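This report describes a predicted model. It takes up the ligand site, then a residue beside that site, and then the nonpolar interior.

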Amino acid sequence: MLKILHVVGARPNFPKVAPIMAEMARSPQRFTQRLVHTGQHYDERMSAIFFRDLALPQPDIYLGVGSGSHAQQTARIMLAFEEVVLDERPDWVVVVGDVNSTVACALVCAKLGIKIAHIEAGLRSFDRTMPEEINRLLTDQLADLLFTPSPDADEQLLREGIAAERIKFVGNVMIDSLVAALPLAESRPTLHELGLQPSGYGLVTLHRPSNVDDPAAFAGIVGALQTLAQEMPLVFPVHPRSRQRMLDFGLAIDDARLLLIEPQGYLDFLQLTRHARLVLTDSGGLQEETSFLGVPCLTLRPNTERPITVTLGTNRIIGNQRETIVERALDLMQRPMPARPAIPGWDGHAATRIVAALGERA
Ligand code: UD1
């Protein structure tokens, strides 16, 4: 019997852990599992709603660390998580993605000699001004088993000197959640309630410090959105970080065609993505979801840690200059929708491969 401790902290973690827990629950004779929520995200709309939408079991342990500077948040998670690990003595700790909770918990385990599995290993933007890049680099160095979503990630880990036997290509587990949730998402009244037509609107998300913490950058992006909204209505679920910055910078938006709404739950957001004519984002996960769904995506960043979404998917990296955003989005609106790409290992069965591999390493 293997004792597994799963860690979640922030919004993008939930759809990565849900399929793995569901898969392990099918083998109760092989695995016992406990879920730790660090509390990095804590608002109803950033956390609790995802547990319901993804049928994720309630956390067994909630650390309640909340927001703070990077050092404060990371340190609080480490202090609280160390006690949990000493108490629980798991065989494996499973961490996902690249948020502060991921690296904080990996570091605790490495020092205690507890084995770490990292889901979504090997992604690199090569941009160390991104907090996530630091988290990715360190977590991958510490992990005992590195599960990758795409072959470029395997190659990168090998280049960094990680032993081949620690690396396993399993595909994209977040796509497992998407595939499982799509029928439910399609039955939601989301579009209807927002007065949107399928393929008749653009979807926007922004929360990266490089876009929303810099007043000039954020104002330029908002200017571009206002121009584009005259061509096609835009819907923009606003992350709490971005909402706060809009207030700080006095960026008022009063435009019926640029719809600012609360952060959406998993199912409502999936419906919005599925039917968008195009997506403008700085999210990591959304580059992958749009690629899987065949929805054109413009990424408002100078780089991506997910190059396969550009080479095989529907993603274009365009930076955050106002004129470029307008030009590229107007151009996309004229083009036919792309074919839905097939990306190896993005097939709804990554969790099966992950759980099988973990079981073998007992
Ligand atoms: C974090 C992750 C980022 C991920 C994003 C998804 C890190 C370094 N960053 O960024 O990789 O893409 O989550 O959302 O781990 N806040 C609330 N309510 C909440 C959570 C946050 O109001 O439930 C506000 C707080 O003012 C907080 C700010 O949002 O200070 C930022 O939260 P934080 O967890 O530090 O980073 P994110 O920008 O959410």
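## Ligand site

The side chain of glutamate 132 places an N or O atom 2.6 Å from an oxygen atom of the ligand. Asparagine 100 approaches through its backbone, where an N or O atom lies 2.8 Å from a ligand oxygen atom. For histidine 207 the side chain is involved, with a polar atom 2.8 Å from an oxygen atom of the ligand. The protein buries 85% of the 740 Å² that the ligand exposes when taken alone.

In the predicted model, 19 residues surround the ligand. Those that come nearest are Gln40, His41, Asn100, Glu132 and Arg241.

## Glutamine 73

Glutamine 73 belongs to helix α3, which spans residues 70–88. Its relative accessibility is 7%, under the 20% limit, and the residue therefore counts as buried.

A polar atom of the glutamine 73 side chain lies 3.1 Å from the backbone oxygen of glycine 66. Beyond its neighbours within four places in sequence, glutamine 73 is in contact with Gln40, Gly66, Ser67, Gly68 and Asn100. Two of these contact partners, Gln40 and Asn100, are also listed among the residues that come nearest to the ligand.

## Nonpolar cores

The largest nonpolar core comprises 57 residues, and Phe147 and Leu358 have the most contacts inside it. This core lies between domain 1 (2–171 + 347–360) and domain 2 (189–334), because both domains give residues to it. Apart from it there is another core, of 28 residues, which includes Leu225, Ala229, Met232 and Met333.

With residues up to four places away in sequence not counted, leucine 358 touches Leu2, Met24, Trp92, Val94, Ala117, Leu145 and Phe147. Phe147, one of these partners, is the residue named together with Leu358 for having the most contacts inside the largest core.

## Valine 94

Valine 94, a contact partner of leucine 358, is part of strand β4, residues 92–96. Its relative accessibility is 2%, so valine 94 counts as buried.

Not counting residues up to four places away in sequence, valine 94 touches Ile4, Leu5, His6, Val7, Ala117, Ile119 and Leu358. Ala117 thus appears in the contact lists of both valine 94 and leucine 358. Valine 94 and leucine 145 are 51 residues apart along the chain, and their C-alpha atoms are separated by 9.4 Å.

Note on methods
Residues numbered from 1 in each chain as written. Predicted model: local features only at pLDDT ≥ 70, side-chain atom pairs only at ≥ 80, totals over all residues. Heavy atoms only, no water. Core = buried A, V, L, I, M, F, W, Y, C linked by side-chain atoms within 4.5 Å. Buried < 20%, exposed > 50% of the residue type's maximum accessible area, 1.4 Å probe, protein only. Domains from an automatic or database assignment. Contact = heavy atoms within 4.5 Å. Near = heavy atom within 4 Å. Polar contact = N/O pair within 3.5 Å; in protein donor to acceptor, adjacent residues only side chain to side chain. Areas by Shrake-Rupley, 256 points an atom, 1.4 Å probe, with all protein chains shown as cover. Helix = DSSP H or I, 4+ residues; strand = E, 2+ residues; numbered from the N terminus.
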